[in-house]
Amino acid sequence: MEKLKRRDLMSLEEYAQQRNEFRSRVMAHKINRRVPIGPNFTLYFEDRLTIQYQVQEMLRAERIFEAEGIEEELAAYNPLIPDGSNFKATAMFEFEDREERQRRLAVLVRVEHKIWLQAEGHDKVYAIANEDLERSTEEKTSAVHFLRFELDDESVESLKNGAGLSFGVDHESYPHQTRVSAATLESLVSDLA
């Protein structure tokens, strides 16, 4: 998937005029790129459109309009766009109660290394987590992780030919898995070259 360049972005003025329409389009697109696993964990899969939205929102919020600042945002966000042989996701543990969240994150240490996908008929592929920086300590894990699922050619081919796709977590404190819907599978497969 092609990385974003400055020419792909709207100016602050253009974005202000088109923001509501663009946001609606992105939110509709994101529906089939969300994979809940169990009651408190969700994978939000990124692609060029979701990242463009995040960059546009960041530029708007920070009032960034100079070339250097725009290039810095692109450098920060472009690595989250899939490369054609992988899926990239923001993973979030969501607990409404703050005390419960702290308690649960303390027992989920290293969970980010236990998150997997499996194309039907193939072995599990474990996520490569937080390539930019470590988000866990010995005492707790973070509520947010950035994941890359790198697929081999055979898995890619199987998914393109309609094989089912499942995601799961093998951590003893959160043993859940789910099979994705046909609409989600179709959206994710579009990330593959």
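**Exercise 1. Work out the strand order of the five-stranded open sheet and find its edges.**

Step 1. Start with the elements themselves: strands are DSSP runs of E with at least two residues, helices are runs of H or I with at least four, and both are numbered from the N terminus. Two strands pair if DSSP finds at least two bridges between them.

Step 2. Walk across the sheet. The 5 strands come in the order S1-S2-S3-S7-S6, and their pairing is antiparallel.

Step 3. Look at the ends of that order. Strand S1 (34-37) and strand S6 (128-129) each have a single partner strand, so one side of each has no neighbour in the sheet.

Step 4. Zoom in on one edge. S6 pairs with strand S7 (residues 144-150) in the antiparallel sense over 2 bridges. Alanine 129 has leucine 147 as its bridge partner in S7.

A quick note on what you're looking at: this is a predicted model, where local features need pLDDT of at least 70, side-chain atom pairs count only at pLDDT 80 or more, and totals for chains, interfaces and linings use all residues. Residues are numbered from 1 along each chain as its sequence is written, and side-chain values use heavy atoms, with hydrogens and water left out.

**Exercise 2. Do the same for the open sheet of 4 strands.**

Step 1. Here the order reads S5-S4-S8-S9, with antiparallel pairing. The edges are strand S5 (125-126) and strand S9 (176-179), each pairing on one side only.

Step 2. Now take a pair from the order: strand S4 (residues 115-119) and strand S8 (residues 165-169) are joined in the antiparallel sense over 5 bridges. Leucine 117 finds its bridge partner in phenylalanine 167 of S8.

**Exercise 3. Which salt bridge partners does arginine 48 bring together, and how far apart in the chain are they?**

Step 1. Set the criterion: a side-chain nitrogen of Lys or Arg within 4 Å of a carboxyl oxygen of Asp or Glu. By that rule the structure holds 12 salt bridges.

Step 2. Arginine 48 pairs with aspartate 8, and their closest N and O atoms are 2.8 Å apart. This links distant parts of the chain: arginine 48 sits in helix H2 (residues 48-62), aspartate 8 in the segment before helix H1 (12-30), and the two are 40 residues apart.

Step 3. Check exposure, where buried means under 20% relative accessible area, exposed over 50%, and partly exposed in between (1.4 Å probe, protein chains only). Arginine 48 is partly exposed at 23%, and aspartate 8 is partly exposed at 24%.

**Exercise 4. Describe the salt bridges of glutamate 100 and arginine 148.**

Step 1. Glutamate 100 meets arginine 104, with 3.5 Å between the closest N and O atoms. Both lie in helix H4 (residues 98-107), 4 residues apart, about one turn of the helix. Glutamate 100 is partly exposed at 26%, and arginine 104 is partly exposed at 21%.

Step 2. Arginine 148 bridges to glutamate 150, the closest N and O atoms being 2.6 Å apart. Is each partner buried or partly exposed? Arginine 148 is buried, at 17% relative accessible area, whereas glutamate 150 is partly exposed at 29%.

Step 3. One more to spot: Lys3, Asp83 and Lys88 are linked in a network of salt bridges.
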